[in-house]
Amino acid sequence: LAGLAVVFILQNRVAVSDWLRNGSDAEPARPRMASALCAWLAETWHLLALCYVALLAIVWLLQIPSGFAFVLRASALSVVIIAAATLARGGVRRLIRRIFAVAPSLAREFPNIEGRANRYMAIVGIVASTGITLIAVILLLQAWGLRSLDWLSSSFGQRLTGGLVSIVVVGLLALFVWEV
């Protein structure tokens, strides 16, 4: 079965790559990061699929107890995490656009406000997208048993997270005072 799966993957490599690269014609223009991810996935999807088939074959050959259950659970969690991260990025992007939208009456009263709002909107969007992606990667590693959340309970992890939260809060307060 693993051999048949490998042949099937290799036979459909180009067709799936083209589909991933071009996407749907009805789909609106993708953001730059999504386009880069789709291009990377179009080039490497078959390698990832072959690794997955090899993983399943190894679990079967070594007769690892509960191996298939672990792989299926981790795969299902991965799909859920990736879908949730994608939805979260889209929702945050729409929320940021709504928050930073400048009413026409306000734009007439303060002519430079739209440019400033757009500048902050881009920065907040990049930070939010990066944060969501980082959380998704940590959760994916945890789902596959790599214990990526253990560092949070260590003293170093607690100091690092506390320091990062302090830096972000002070930076936001400073930015607020500067803008006011």
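**Exercise 1. The end of helix H6**

Identify the residue with a positive phi that follows H6, then compare the span of H6 with the expected value.

*Solution.* Step 1: H6 is followed by Gly145, and the phi of this glycine is positive, near 80°. The model is predicted: local features need pLDDT of at least 70 and side-chain atom pairs count only at pLDDT 80 or more, while totals for chains, interfaces and linings use all residues. Residues are numbered from 1 along each chain as its sequence is written, and side-chain values use heavy atoms, leaving out hydrogens and water.

Step 2: Helices are DSSP runs (H or I, at least four residues; strands are E, at least two), numbered from the N terminus. H6 covers 113-143 and has 31 residues.

Step 3: The expected span is 1.5 Å times one less than the number of residues. For H6 this is 45 Å, and the distance from its first C-alpha to its last, 44 Å, is close to that.

Step 4: Within H6 the buried residues include Ala117, Tyr120, Ser129, Ile132, Ala136 and Ala143. Here buried means under 20% relative accessible area, exposed over 50% and partly exposed in between, with a 1.4 Å probe and protein chains only.

**Exercise 2. Positive phi outside glycine**

Locate Gln63 and Ser66 and state whether they are buried or exposed.

*Solution.* Step 1: Most residues other than glycine have a negative phi, and most peptide bonds are trans. Gln63 has a phi near 50°, a positive value. Ser66 also has a positive phi, near 60°.

Step 2: Gln63 is found in the loop between H3 and helix H4 (67-99). Ser66 lies in the loop between H3 and H4 as well.

Step 3: Gln63 is exposed because its relative accessible area is 66%. Ser66 is exposed because its value is 58%.

**Exercise 3. Salt bridges**

List the salt bridges and find which residues are linked in a network.

*Solution.* Step 1: Apply the rule that a side-chain nitrogen of Lys or Arg must be within 4 Å of a carboxyl oxygen of Asp or Glu. The count comes to three salt bridges.

Step 2: Arg21 pairs with Asp18, the closest N and O atoms being 3.5 Å apart. Both residues lie in helix H2 (residues 13-22), three residues apart, or about one turn of the helix. An α-helix has 3.6 residues a turn, so residues three or four places apart point the same way.

Step 3: Glu43 forms a salt bridge with Arg21, with closest N and O atoms 2.4 Å apart. Glu43 lies in H3 and Arg21 in H2, so this pair ties together parts that are 22 residues apart in sequence.

Step 4: Asp18, Arg21 and Glu43 are therefore linked in a network of salt bridges. Arg21 is partly exposed at 37% relative accessible area, Asp18 is partly exposed at 36%, and Glu43 is partly exposed at 49%.

Step 5: Arg147 pairs with Asp150, the closest N and O atoms being 2.7 Å apart. Arg147 is exposed, at 57%, whereas Asp150 is partly exposed, at 34%.

**Exercise 4. Nonpolar cores**

Give the members of the largest nonpolar core and the helix with the largest share of this core.

*Solution.* Step 1: A core is a set of buried Ala, Val, Leu, Ile, Met, Phe, Trp, Tyr and Cys residues joined through side-chain atoms within 4.5 Å. The largest has six residues: Ile9, Leu20, Ala42, Trp45, Ala49 and Val53. H3 gives the largest share of this core, four residues.

Step 2: Another core, of five residues, lies apart from it and has among its members Ile81, Ala85, Ile132 and Ala143.

Step 3: Not counting residues up to four places away in sequence, Ala42 touches Ser17, Leu20 and Arg21, contact meaning heavy atoms within 4.5 Å.

**Exercise 5. The nonpolar surface patch**

Determine which residues make the nonpolar patch and which helix supplies the largest share.

*Solution.* Step 1: Patches take residues with over 30% relative accessible area and no salt bridge, joining like charges within 9 Å and nonpolar side chains (Val, Leu, Ile, Met, Phe, Trp, Tyr) within 5 Å. Areas come from the Shrake-Rupley method with a 1.4 Å probe; for residues, only the protein chains shown count as cover.

Step 2: Ile135, Leu139, Leu149, Trp151, Leu152, Phe156, Leu160, Leu164 and Ile167 make a patch of about 810 Å².

Step 3: H6, H7 (150-153) and H8 (155-179) each supply at least two residues, with the largest share, four residues, coming from H8.

Step 4: Leu152 is in H7 and is partly exposed, at 35%.
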